[in-house]
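Student: I should like to understand how the terms used for a protein model are justified. May we go through the structure together?

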Amino acid sequence: MRAIILAAGRGSRLSQSHGAALPKCLLKFGGISLLERHLRLLQAAGVEQLVMVLGFEHQVIEAELVRLAAQGLPKAEVFINERFTLGSVLSVHVAAEAMRRGGDVLLMDADVLYDARIMQALADGSAPSNRILIDRDFEAGDEPVKVCVQDGIPVELRKQVTPGLHYDTIGESVGFFRFDERAARRLADLVADYVDSGRANLPHEETLRDLILERSQTFQIVDVTGAPWVEIDFPADVERAAHEVLPQLQSLSGAAA
C-alpha cells in the first residue's frame with residue numbers, strides 16, 4: 001500500500017502568528033508536527049511506501065523528512081509541484097507516476113490532525129479497497145467538502161451541494177481517500193485531462209467528484225463520526241486542534257493523548 005500526502009500549499013489563510021511562515025504540515029500539537037503524526041500513524045498501519053507532494057518551502061519539509069527517517073520513520077519519495085499557488089489538481093498530477101504503479105493508494109491531505117481510528121478505517125485490509133471517509137457531525141456552511149450518499153452510493157462530493165439532489169446521508173469529507181489499482185489509474189487519467197484542458201487551477205476534489213459520478217468504480221462510504229479530527233485552514237482551526245481535538249486523541253502508542 002502506498003500513501004500520497006499532499007503538502008504543497010502555502011496555507012495563506014492562516015495568520016503569521018499561527019505559523020503561516022512554515023508549511024502547515026510542520027505545525028506542532030502536543031510537541032509533534034502534523035507531518036510526524038502522519039508518518040507514525042502510517043507506519044503503525046503497515047503502509048509500506050510514502051510519497052510526499054511538496055511545493056511551498058519544500059526544502060524545509062525535505063530536511064524534516066530526513067530527520068524523521070533517521071529516527072526510523074518511513075522514508076519518503078518526494079515530488080515537487082513548482083506551481084503550488086495554482087489548484088491542487090497539479091499536486092496530484094505531479095505524482096501521477098506513483099498513482100499508476102499498482103497496488104492500493106491512500107490519497108491524504110497533510111493539514112489534518114486526526115485520531116488513529118481514522119487511519120485504521122482508511123488502511124484496514126478488508127475489502128472493498130475504494131473508500132471515502134465521512135463525518136456526519138459537521139458545521140453547515142460553504143467551507144466543508146460534503147459527501148452525499150444515496151443507498152450507500154456516493155452521489156456528490158463538493159462544498160456546495162447541487163440543489164434538488166436526492167440523498168439519504170450527508171457528511172463532511174475528511175480529505176482522505178483510498179483507491180485500488182484500477183481506480184488510482186483512472187484518477188490519474190482524469191487529473192491529466194484537467195491539466196491538458198486548462199483546468200489545472202481547480203481543487204483536486206473536482207477530479208474525485210468526476211471519478212465518483214462516472215460510476216466506473218465502486219466506493220465504500222466509511223463513517224468515522226465520533227473520531228476526533230480537524231483540518232487546519234484558519235486560525236480558529238489551530239485553536240480547536242490544540243484545545244478540543246488533541247486532548248481526545250489516542251496517543252501514537254495507543255494510550256490517551
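Tutor: Let us begin after helix α1, where G46 follows with a positive phi, near 80 degrees. Helices and strands here are DSSP runs, numbered from the N terminus (H or I over at least four residues for a helix, E over at least two for a strand). This is a predicted model, in which local features need pLDDT of at least 70, side-chain atom pairs count only at pLDDT 80 or more, and totals for chains, interfaces and linings use all residues. Residues are numbered from 1 along each chain as its sequence is written, and side-chain values use heavy atoms, with hydrogens and water left out.

Student: What makes α1 mostly covered?

Tutor: Of the eleven residues of α1 (residues 34-44), eight are buried. Buried means under 20% relative accessible area, exposed means over 50%, and partly exposed lies in between (1.4 Å probe, protein chains only). Among the buried residues of α1 are L34, E36, R37 and H38.

Student: Why is C25 called buried?

Tutor: The relative accessibility of C25 is 3%, so C25 counts as buried. C148 is likewise buried, because its relative accessible area is 0%.

Student: How many disulfides does the structure hold?

Tutor: There are zero disulfides; the term requires a pair of cysteine sulfur atoms within 2.5 Å.

Student: Why is strand β9 described as largely enclosed?

Tutor: Four of the five residues of β9 (residues 146-150) are buried, so the rest of the structure largely encloses this strand.

Student: How do you know that β9 pairs with β10?

Tutor: Two strands pair if DSSP finds at least two bridges between them, and five bridges join β9 to β10 (residues 153-158) in the antiparallel sense. Q150 stands opposite I153 in β10. The two strands form a hairpin with two residues between them, and D151 in the turn has a positive phi of about 55 degrees. β9 also runs antiparallel to β11 (residues 169-179), with four bridges, and V149 faces T169 of β11.

Student: What makes the contact between D111 and K24 a salt bridge?

Tutor: A salt bridge is a side-chain nitrogen of Lys or Arg within 4 Å of a carboxyl oxygen of Asp or Glu. For D111 and K24 the distance from N to O is 2.7 Å, and the pair therefore qualifies. D111 lies in the loop between β6 and β7 and K24 in the loop between β1 and β2, so the pair ties together parts that are 87 residues apart in sequence. Both D111 and K24 are buried.

Student: Which salt bridge joins R67 to a residue of the same helix, α2?

Tutor: The side chain of R67 meets that of E64 at 2.7 Å, N to O. Both lie in α2 (residues 58-70), three residues apart, about one turn of the helix. An α-helix has 3.6 residues a turn, so residues three or four places apart point the same way.

Student: Why is R67 called partly exposed, and E64 buried?

Tutor: R67 has 38% relative accessibility and so counts as partly exposed, whereas E64 is buried because its relative accessible area is 16%. E36, R40, E64 and R67 are linked in a network of salt bridges.

Student: How do you know that D237 has no salt bridge?

Tutor: The nearest side chain of opposite charge to buried D237 is R240, 5.6 Å away. Lys and Arg count as positive and Asp and Glu as negative, while His and the chain ends are not counted. The cut-off is 4 Å, and D237 therefore has no salt bridge.
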